[in-house]
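Please take a moment to look over the sequence and the 3D structure shown below, and keep both in view while you read. The paragraphs that follow go from charged pairs to the ligand and then to a few details of the backbone.

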Amino acid sequence: MSKTLFEKIADREIPADIVHEDDVCLAFHDINPQAPVHLLVVPRKPIPRVGEASAEDQQALGHLLLVAGRLAREQGFAATDQGFRVVINHGQHGGESVPHLHVHVLAGRQLDWPPG
Ligand code: AMP
């Protein structure tokens, strides 16, 4: 099967500004940032989207959120008078464009609710 875009980034076949890497995931800056800080946290395993994850992915899914929180904390956005948003898009109505599960971490500006 051909590699996903994010597998190619993990394998250094496509360049990205990688800010974190471990056995389970990597995180890098989004190429088209929607906030002053916009990171993607991506499992190495190419789970297509969150609604297709299975019980065997439970640990990886939890890990993605812990890394997202840690990165936001490290970058100074965890104080409640700052804050950040974690987003996972699934499918067309969800706004998904890359079919490899990823967690968006958005920070550095007031984010609207409801989202567009
Ligand atoms: P989604 O629309 O939720 O599937 O998110 C996919 C994200 O991947 C978008 O925010 C894109 O800007 C981002 N993206 C696409 N190609 C790259 C790339 N080569 N490097 C970093 N981010 C990318």
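**Charged pairs and the ligand's surroundings**

In a salt bridge, the side chains of Glu21 and Arg12 come together with a distance of 2.9 Å from N to O. Keep in mind that what you are looking at is a predicted model. Glu21 counts as partly exposed because its relative accessibility is 35%, a value that lies between the limits of 20% for buried and 50% for exposed. Its partner Arg12 is found in the loop between helix H1 and strand E1, the latter spanning residues 18-21. Arg12 also has a backbone feature to look at, since its phi angle is near 65 degrees, which is a positive value in a residue other than glycine.

How many salt bridges does the structure hold? There are eight of them in the structure, and a general idea helps in reading them: side chains of opposite charge can pair when their charged atoms come close.

Another of these pairs is made by Lys45 and Glu56, whose side chains meet in a salt bridge at 2.8 Å, again from N to O. Both residues belong to the loop between strand E3 (37-43) and helix H2 (58-74), and the pair links distant parts of the chain, with Lys45 and Glu56 being 11 residues apart. The two partners can be described by how much of their surface is accessible: Lys45 counts as partly exposed because its relative accessibility is 37%, whereas Glu56, at 66%, counts as exposed. If you stay with Lys45 and look at the backbone, you can find Asp57, which is 12 residues away along the chain, with 9.1 Å separating the C-alpha atoms of Lys45 and Asp57.

A further salt bridge joins Glu96 and Arg49, and here the closest N and O atoms are 2.8 Å apart. Glu96 lies in the loop between helix H3 (91-94) and strand E5 (103-107), while Arg49 lies in the loop between E3 and H2, so this pair ties together parts of the chain that are 47 residues apart in sequence. Are these two partners buried or exposed? Glu96 counts as buried because its relative accessibility is 18%, and Arg49 is buried as well, with a relative accessible area of 17%. The side chains of Arg49 and Glu96 are also joined by a polar contact of 2.8 Å.

Salt bridges can also share residues, and in this structure Lys3, Asp11 and Glu13 are linked in a network of salt bridges.

We can now turn from the charged pairs to the ligand, which sits in the largest pocket. Helix H1 (5-10) and strand E2 (25-29) are the elements that give two or more residues to the shell around the ligand, and H1 gives the most to this shell, with three residues. Which residues come nearest to the ligand? Of the 16 residues around the ligand, those that come nearest are Asp30, Asn89, Ser97, His102 and His104.

Some of the contacts with the ligand can be followed atom by atom. A polar side-chain atom of Asp30 lies 2.5 Å from an oxygen atom of the ligand, and a polar side-chain atom of His104 lies 2.8 Å from an oxygen atom of the ligand. With Gly95 the contact involves the backbone, since a polar backbone atom of this residue is 2.9 Å from an oxygen atom of the ligand. On its own the ligand has 500 Å² of accessible area, and the protein covers 85% of this area.

Two last places are worth finding in the view. His20 has its place in strand E1, and this residue counts as buried because its relative accessible area is 15%, which is under the limit of 20%. Although His20 and Val41 are 21 residues apart in sequence, their C-alpha atoms are 8.6 Å apart in space. The other place is in the segment after E5, where Pro114 is found. A cis peptide bond joins Trp113 and Pro114, with an omega angle of about 5 degrees.

Conventions. Residues numbered from 1 in each chain as written. Predicted model: local features only at pLDDT ≥ 70, side-chain atom pairs only at ≥ 80, totals over all residues. Heavy atoms only, no water. Salt bridge = Lys/Arg side-chain N within 4 Å of Asp/Glu carboxyl O. Buried < 20%, exposed > 50% of the residue type's maximum accessible area, 1.4 Å probe, protein only. Helix = DSSP H or I, 4+ residues; strand = E, 2+ residues; numbered from the N terminus. Near = heavy atom within 4 Å. Polar contact = N/O pair within 3.5 Å; in protein donor to acceptor, adjacent residues only side chain to side chain. Areas by Shrake-Rupley, 256 points an atom, 1.4 Å probe, with all protein chains shown as cover. 1 Å grid on protein atoms, 1.4 Å probe; cavity = no way out; pocket = protein on both sides within 12 Å on 5 of 7 lines; lining within 4 Å. Sits in = over half its atoms within 2 Å of the grid points.
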